[in-house]
Every structure is written in structure tokens, then in C-alpha cells.
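Proteins can hold empty spaces inside them, and it is fun to find out what surrounds such spaces. Take a look at the structure below, and then let us walk through it together.

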Amino acid sequence: MESVLVIFSEIDDPRDHTAQYELSALLFIALAATLCGAKSCVDIADFAESNRTELADIVSLPGHATPSHDTFSRLFRLLDPEQMEQALRRFGTAMRAGLGLGPVDGTVAVDGKRLRRGYERGRSSMPPLMVGIWDAETRLSIAARAGKDGDEVAATLAALKTVTLKGCLVTDDALHCHPEMARTIRAQGGHYLLKLKGNNGPLRTAAEAAFAAAETAGTLKWSTTQGTAHDRIERRRGCVFAVPPGAPAFPDLAAFGRIDNERTKKGGKTETETHYVVMSQRLPAWRMMSTVRRHWSVENHLHRQLDVVFREDDARTRKDNAPGNLSVIRRMALDMLQAHPDKRSPARKMNLARWKQSFFQELFSYVR
């Protein structure tokens, strides 16, 4: 717990000198409450009041009183989001140290997430956006950034510039298949594998032409997989082929990849779909397919958990910096729940943290 308090103490306090509670104490209480199921600042304040005695042994509570929900709400509105994001990166480093993990060196998935109900009045079509950088191998957050005015591209580029990507293979969807994204990933030491769709027409046309030429020449080497789940049979085959001469310029482009998906649903209905990707290193077809599949862990194990377990999409926090700052707290809590070796789901671990003090304390033992 001391490590978490030290991480929070490095954040500048935006309040004036008359503030009653220490900043690190308020953030610790918010994290502890979120681990135990709090969904809003009102819940955090109720948690603090209900656990006053236990919290007083960990943080300073002047007069043995607990902060109100207005105190938490005002704090999260004022906190500098960049400093909260820096705290998340420090937290991730401490978490990896506690788990005995080295630097990130596998598949890194990048994706944006809307906070669906965190919008200001009259702006329901533009809810706040958070971009997450996710270690798909360990299922831990690396970094996050709030997207100003919903600009996912700018937020993604800014977030990537804050992390070291040496030895990493960065994946992202077609929105980010553009030269600046590729240059940023390579400048940070990583390689990229980006989905390619019609929004980059010339490059997509070059990929299709290269595939057709390789298929005509008989030089394609296919890798195939088949699986059964959710009442359907899915067959996947992939191939990797060299970039043809005359292809549009794209930073460090080394190869194209193609994946053909065929799904047969219950009842015999079959659907087919073809995907193309661009890569800065030529991977074997089997690895290219597994990397594309691994990318979706950011949806299944980060975004879905934030929505299902933490009810992030239902959160009505919407003023100033509060939506993004509270999302950072949720990501810290999710990392702690997923890092614990207990095989139960994050939702069940959250219940245990609320009901069993020894389990709650164990969650903090992995942050060093």
C-alpha cells in the first residue's frame, strides 16, 4: 500500500493550501473503493465513511472524518490528466516488478474506447474518449490517454510517444493505418502490424494486386487454423507476401498480410471475410494470424471488463477532467484484480475484496 501512496504523492495537488485531506490519501481511497465495487464519487464517499476505521490505519483522516462526494468530484475534475496518466505508467512499472515481469516485449494492442454516458448536455454524440495501450501478453495496461475533443488519432500518437516499444509488435485497427502512426511506432523502437481497409485506398489496392500476382505465380504459402466455439466453426487461413515494386510509400513497410475467415454458424449458414494488414517486418503467416487474433484481447480483457465489471459505460461523470481521471483509477483497479493469481473472474475478486479484508490487502502486494 505504501508503494501506491508514493505513486500518488508524485502528482501535483491542484487544490489550494486550505485543502483538508492529502491528495495521495484521496486517490488511495478512490482506488480502494473502486476495487470494492464503487462506480461513482458518491460510492467512493460512502465507502470511505463505511470503512473509516480501517482507512485511518493507512492514510491520514483529520478529525477522523471522511471526505464528501463533492471533495472527490472536485478533485477529479481538477487533476491534470497528463499527471494521472504518468501515475498509471509508474503504477504499471511497479506492478510488473511485483509480478517479476521484465519490460514489455510482446504484442502491444492499441485501441480507443468511448465513455458512452460521460457526455455533457447536448453532446451525446461526442462522449469522452480514452485511448489505451495494452500488453496483450500479460493483460496489463501500459498507458492511457484522454482524447481531446474525441480525436482518437492525436490521442494515440501522444500516448505512444510516452512509452518505450523496443522489442514490441504494435497492433491497431484501420483508423491508424497512416504514415505518422507507423513513424511513431518505429521511432519508439517497435514494429507495427496495422489493419488495412479502404480508408487507405492506394495501399489497399497495392496489397490486393500483390496478392493476386503472388497467387498467379504460385509463391503463396498458406497457414490454416480451425476452431469450434459459440455454436460455430471458424476456419482461418493466412499468408504473407512481399511489398511489390511501385507500392505507395509507407514508413518501413516490409510486407502485406492477408487473412481469409470462414464461419459456419449453427444451421449451416456460412459467412466469409477477408482482411489485409501492413507490417514493418515480414512475419511467418501463422504468427501474423495469431498476432491479429491477440489484438482483440484489448476488447475482451480491458474494454469489456471496464464496462461489465466497473460499469464504465453507465458512469455519468462528465465534468472537465473527471471522466478520464476516473477511467485511469479503474484501469489500475482492473490490473490489480487480474494480477492476483486466484482463478476467479475480476467480478468475483471484486466481491472478495469487499467481503474479505485479507484478500483486499493481498491485491496491493503486487505493486512494488
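## The walls of the largest cavity

Three elements each supply at least two residues of the lining of the largest cavity: β4 (169-172), β5 (191-196) and α10 (285-295). Keep in mind that you are looking at a predicted model. The volume of this largest cavity is about 110 Å³.

Which residues line the largest cavity? They are T171, D172, D173, L193, L194, K195, V277, T291, V292, H295 and W296. Sorted by class, this lining contains five nonpolar, three polar and three charged residues.

## The helix at the wall

Now turn to α10, where A285, M288, M289, T291, V292 and H295 are buried. Seen down the axis of α10, these buried residues fall within an arc of 160°, so they line one face of the helix. A general rule is handy here: an α-helix has 3.6 residues a turn, so residues three or four places apart point the same way.

Three of the names may look familiar. T291, V292 and H295 are buried in α10, and T291, V292 and H295 are also part of the lining of the largest cavity.

## The sheet behind the strands

Next, follow the strands. The model has an open sheet of nine strands with mixed pairing, in the order β3-β2-β1-β4-β5-β9-β8-β7-β6. At its edges lie β3 (140-147) and β6 (223-229), each of which pairs on one side only. From one strand to the next, the twist averages 20°.

How do β4 and β5 run, parallel or antiparallel? They run parallel, and four bridges join them. As a reminder, strands of a sheet pair through backbone hydrogen bonds, either parallel or antiparallel. T171 has L193 in β5 as its bridge partner, and both T171 and L193 appear in the lining of the largest cavity.

## A second cavity to explore

How many cavities of 30 Å³ or more does a search of the whole structure find? The search finds three. The second largest has a volume of about 60 Å³, and its lining is made of T34, A38, K39, S40, C41, I44, L326, I329 and R330.

Two elements give two or more residues to this second lining, namely α3 (41-50) and α12 (322-339). Of the elements, α12 gives the most, with three residues. By class, the lining of the second largest cavity has five nonpolar, two polar and two charged residues.

Conventions. Residues are numbered from 1 along each chain as its sequence is written. This is a predicted model: local features need pLDDT of at least 70, side-chain atom pairs count only at pLDDT 80 or more; totals for chains, interfaces and linings use all residues. Side-chain values use heavy atoms; hydrogens and water are left out. On a 1 Å grid over the protein atoms alone, a cavity is a set of points where a 1.4 Å probe fits but cannot get out, and a pocket is an open set with protein on both sides within 12 Å along at least five of seven lines; lining residues have an atom within 4 Å of a point. Grid points are joined across faces, edges and corners, and a volume is the space filled by probe spheres set on the points. Ala, Val, Leu, Ile, Met, Phe, Trp, Tyr, Cys and Pro count as nonpolar, Asp, Glu, Lys and Arg as charged, and the others, Gly among them, as polar. Buried means under 20% relative accessible area, exposed over 50%, partly exposed in between (1.4 Å probe, protein chains only). The arc is that of the directions from the helix axis to the C-beta atoms. Two strands pair if DSSP finds at least two bridges between them. Axes are lines fitted to C-alpha atoms, for helices over the stretch in contact, and angles run from 0 to 180 degrees between N-to-C directions.
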